Amino acid sequence: MEGGVTVEDTKKTRKYWNPIIETLPRERLAEIELKRFREVLRWAKGNSPFYKRKLHGIEPEDIRTLEDVAKVPVTEKDELRAAQEGKEPYLYGDLLAVSPERLSVFHQTSGTTGKPVYIPDTYESWQWVVEVWCYILYAAGFRAQDRVFIPFAYNVYIAFWQGHYAAEKLGCEVVPGGALDTQGRIQKMKEVKATALMNTPTYGLHMAEVAKEMGIDPRRDLSIKRMISSGEPTPEPTRLRLEELWGAEVYDHIGGTEPGGWGGMCSERKGMHVIEPHYLFEMVDLETMSKPIPPGTKGVAVVTPLCRRCIPLIRFNLKDMMMVMDEPCRCGRTSMRVDQIGGRVDDLRKIRGVFFTPAVVEEVIRGKFPQVVEFETHLTQEEVMPVLTLRVEFDPSIGESQWKELRGRIREQLKLRSNLTFEIEVVKPGGLPRYTLKSSRFKDLTKK
Amino acid sequence: MEYDLKGMDSEIKAIEESAKRLKVLGQGIETVERNAEAILAFTYSLRKNISDIFE
């Protein structure tokens, strides 16, 4: 095994969900991924009408090396929508690769970027999705001894369902906290002495704020030792802020409704491990969205779930900007590590000639201004000039006498980080919306 | 001591074969069919986690 990890070590420490796969030499991982990519290609062409059309002329035998994978066209989310819209069988249309009576699980995307995409699973494919999440939770230190609190009604969204079933499979005791308000959830966590939490980063911050109002200090009065973030990206400053507020280890993970959860942080908490060889991960360049790029370069993530036969996805464009980390991880896992940087391609826009992504604002605010409890960015148009306004809500303990100085510092830091000038507007406490699942802190008001 | 991948692989295949036979034997009995199907879903994950690595 690589990295000096012996079988005896892994048996003793129980550090890995699957010590065999997680410490395989990279060459072996590549062999398995190539073999599985051919298999999923063959399955998709043979069983999904969408891929039968899309992959016409491409044969699995043509993919002899991982470099050959780039010959296969990338799948875009819009194509998934078009393949479902008005097509039979109802809801899933041309994407489905199994007979409808085999389906047992329904989920859908949130619809943030358009009409939702419906993603079903068979019992088999769902168990595989859950299994991958077991890798994620185990790497984040979740163990059978944990009592896991999930403060959400999971609804039709996949994230917490995966987390719930995976935690169960790990042997954890899962406490679903859906039908409660935030205060009720905090009380319940206290009552049951929950040791672990699955949360969106936004709601994690909000829960800490509400707990404080209730006279509860999450660090002192609750028993949460670890938290896994889901539902939206967790920029490093936000993750660190959560760790500070909760006195817990906070782990990010990455995934989506279409591909499932495909990466997560290990105990090092430096980047996220791709769950290989269950997924094939690639990076393509920002300009053409097709050319492969080397480690250490910013690009767009493309992922292929390699074992989900129900609704195959080949080279799915995640539109997330990322970078592959080159150096081996100290945790001993040999899988590729990625760093989520700069948000989503969809959010990238040019303002006054400068590329801007709202993720920058979150990094600055969460990283340097703990006095800010909530914020929102507005993009407006004044005559021909686009104007960026950051609306901030300070902690009630911050007196008005401090506002002017803070506004100045925020403006300065944002200018340094984004090369853009922001108007800063202070909103009274409670004046900005609080989010639970996906936050929406950027409003483009130039769109009619 | 190394992990006995070959041994695990052969047990996974045996469970799979057994579940398939059970499904046939229990045809028409929902509880047998569905539970056998559930076992096959779990052996699929085991194959992807163990057998594929061994092969």
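These exercises, with worked solutions, deal with a predicted model.

**Exercise 1. Domains of chain A**

Find into which domains chain A is divided, and describe the contact on the side of domain 1.

*Solution.*
- Step 1. Start with the bounds. Domain 1 of chain A covers 1–346, and domain 2 covers 348–444.
- Step 2. Take the centres over C-alpha atoms. They are separated by 29 Å.
- Step 3. Count the contact residues. Domain 1 of chain A supplies 18 residues and domain 2 of chain A supplies 16.
- Step 4. Look for the elements on the domain 1 side. Helix 9 (201–213), helix 11 and strand 14 (337–344) of chain A each give two or more residues. Helix 9 of chain A has the largest share, with 4 residues.
- Step 5. Sort this side by class. It holds 6 nonpolar, 9 polar and 3 charged residues.

**Exercise 2. The sheet with strands 17 to 20**

Give the strand order in the open sheet of 4 strands in chain A, and explain which strands stand at the edges.

*Solution.*
- Step 1. Read the order. In chain A it is 19-18-17-20, with mixed pairing.
- Step 2. Find the edges. Strand 19 (422–427) and strand 20 (442–444) of chain A each have a single partner strand, so one side of each lacks a neighbour in the sheet.
- Step 3. Check the turn between neighbouring strands. On average it is 20°, direction ignored.
- Step 4. Inspect one pair. Strand 17 and strand 18 of chain A run antiparallel and are joined by 10 bridges. Within strand 18 of chain A, Arg391(A) is the bridge partner of Glu376(A).
- Step 5. Add the helix. Helix 13 of chain A lies across strand 18 and strand 19 of chain A. Its direction is at about 145° to strand 19 of chain A.

**Exercise 3. Helix 12 and its cover**

Which residues of helix 12 (residues 359–368) of chain A are buried, and what covers them?

*Solution.*
- Step 1. List the buried residues. They are Val361(A), Glu362(A), Glu363(A), Val364(A), Ile365(A) and Arg366(A).
- Step 2. Identify the cover. It includes helix 11 (236–246), strand 17 (372–382), strand 18 (385–394) and helix 13 (403–418) of chain A.

**Exercise 4. Strand 6 and its partners**

Trace the pairing of strand 6 (residues 226–229) of chain A with strand 5 and strand 7, then state the handedness of the β-α-β unit.

*Solution.*
- Step 1. Pair strand 6 of chain A with strand 5 (residues 196–199) of chain A. The two run parallel, joined by 4 bridges. Leu197(A) has Met227(A) as its bridge partner.
- Step 2. Pair strand 6 with strand 7 (residues 249–251) of chain A. Here 3 bridges are found, again in the parallel sense. Ile228(A) stands opposite Tyr251(A).
- Step 3. Insert the helix. Strand 6, helix 11 and strand 7 of chain A form a β-α-β unit that is right-handed.
- Step 4. Test both faces of strand 6 of chain A. Arg226(A) and Ile228(A) are buried on one side. Met227(A) and Ser229(A) are buried on the other.

**Exercise 5. The setting of Met272(A)**

Is Met272(A) buried or exposed, and which residues does it touch?

*Solution.*
- Step 1. Place the residue. Met272(A) belongs to strand 10 (residues 272–274) of chain A.
- Step 2. Apply the cut-off. A residue is buried with 20 or more other C-beta atoms within 10 Å. Met272(A) has 26, so it is buried.
- Step 3. List its contacts beyond four places in sequence. Among them are Asp252(A), His253(A), Gly263(A), Met265(A) and Val338(A).
- Step 4. Compare sequence and space for Tyr251(A). Met272(A) and Tyr251(A) are 21 residues apart in sequence, and their C-alpha atoms are 9.2 Å apart.

**Exercise 6. Backbone special cases**

Locate the cis peptide bonds that lead to Pro89(A) and Pro277(A), and the positive phi values of Asn155(A) and Lys319(A).

*Solution.*
- Step 1. Take Glu88(A) to Pro89(A). This bond is cis, with omega near -5°. Pro89(A) sits in the loop between helix 5 (77–84) and strand 1 (103–108) of chain A.
- Step 2. Take Glu276(A) to Pro277(A). This bond is cis too, with omega near -10°. Pro277(A) sits in the loop between strand 10 and strand 11 (279–284) of chain A.
- Step 3. Turn to phi. For Asn155(A) it is near 55°, and the residue is in the loop between strand 3 (147–150) and helix 7 (158–170) of chain A.
- Step 4. For Lys319(A), phi is about 60°. This residue lies in strand 13 (residues 316–325) of chain A.
- Step 5. Compare exposure. Asn155(A) is partly exposed, with 13 other C-beta atoms within 10 Å. Lys319(A) is partly exposed, with 19.

How values were computed. Residues numbered from 1 in each chain as written. Chains lettered and ligands numbered in written order. Predicted model: local features only at pLDDT ≥ 70, side-chain atom pairs only at ≥ 80, totals over all residues. Buried ≥ 20, exposed ≤ 12 C-beta atoms within 10 Å, placed from the backbone. Contact = placed C-beta atoms within 7 Å. Pairing = 2+ DSSP bridges. Axes fitted to C-alpha atoms, helices over the stretch in contact; angles between N-to-C directions. Right-handed = clockwise from strand over helix to strand, strands pointing away. Domains from an automatic or database assignment. Nonpolar A, V, L, I, M, F, W, Y, C, P; charged D, E, K, R; others polar.
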